[in-house]
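User: Hi! Could you walk me through some of the charged pairs in this model?

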Amino acid sequence: MDYSTDYTPHAEAIAELFRATFTASEGAEEGALIGALVRRLITETPAEDLRVFTAWEDGTLLGGIFFTRLAYASDPRTVFMMAPVAVATAHQGKGIGQRLIAHGLDVLRREGMDIAVTYGDPAFYGRVGFEPVSEADLRAPQPLQHPQGWIAQSLTDAPLTPLRGTARCVAAFDDPALW
């Protein structure tokens with residue numbers, strides 16, 4: 001399996017992977033929502049606020065993850081949110097997602113990022129170091145429909161401590177339907 005950060009020439013294939021994967025697991029409406037989100041992330045998000053990692057094998061796109069900046073008004077730490085994450089339906093259950101996530105987190109650590117956060121299944125993401133956090137300690141940019149899914153991890157040797165100030169996400173995520 002090879003990892004890539006070169007998403008621009010594969011933008012449509014990546015968006016289609018996310019649409020198809022979320023359609024298979026959550027239905028056509030969710031697939032369309034996440035496919036559109038991925039297209040917006042790729043086309044509208046400034047490069048300094050976006051990291052995209054994809055996994056490939058023999059020219060086949062196996063999976064992808066997005067990291068986007070979360071800014072906290074009164075906190076200097078660098079925070080990136082991991083979402084969405086998808087592995088092609090035919091390749092799920094092989095550890096591809098966990099390896100891809102671990103790779104992405106390692107790159108963020110090397111880049112000097114401080115914190116990674118995601119909004120998803122604590123049992124699954126707990127396997128790659130995410131732990132539950134309260135909204136009082138780490139505010140979300142929109143009200144959370146499932147607060148138990150708000151999880152984070154420190155990417156440094158420092159413990160995860162509360163972030164100060166209101167949270168601001170990239171424009172593509174600034175939609176209550178995604179939270």
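Analyst: Happy to. A salt bridge here is a side-chain nitrogen of Lys or Arg within 4 Å of a carboxyl oxygen of Asp or Glu. This is a predicted model, in which local features need pLDDT of at least 70 and side-chain atom pairs count only at pLDDT 80 or more, while totals for chains, interfaces and linings use all residues. Residues are numbered from 1 along each chain as its sequence is written, and side-chain values use heavy atoms, with hydrogens and water left out.

User: How many salt bridges does a search of the whole structure find?

Analyst: Side chains of opposite charge can pair when their charged atoms come close. Searching the whole structure for such pairs gives a total of 8.

User: Which residue is linked with Arg-77 and Arg-164 in a network of salt bridges, and is that residue buried or exposed?

Analyst: Arg-77 has its closest N and O atoms 2.8 Å from the partner, and for Arg-164 the N to O distance is 3.7 Å. The partner's relative accessible area is 8%, so it is buried (under 20%; exposed is over 50%, partly exposed in between, with a 1.4 Å probe and protein chains only). The residue is Asp-75.

User: How many residues apart in sequence are the parts tied together by Arg-164 and Asp-75?

Analyst: Strands are DSSP runs of E, at least two residues, and helices runs of H or I, at least four, numbered from the N terminus. Arg-164 lies in the loop between β7 and β8 (167–168), and Asp-75 in the loop between β3 and β4, so the separation is 89 residues.
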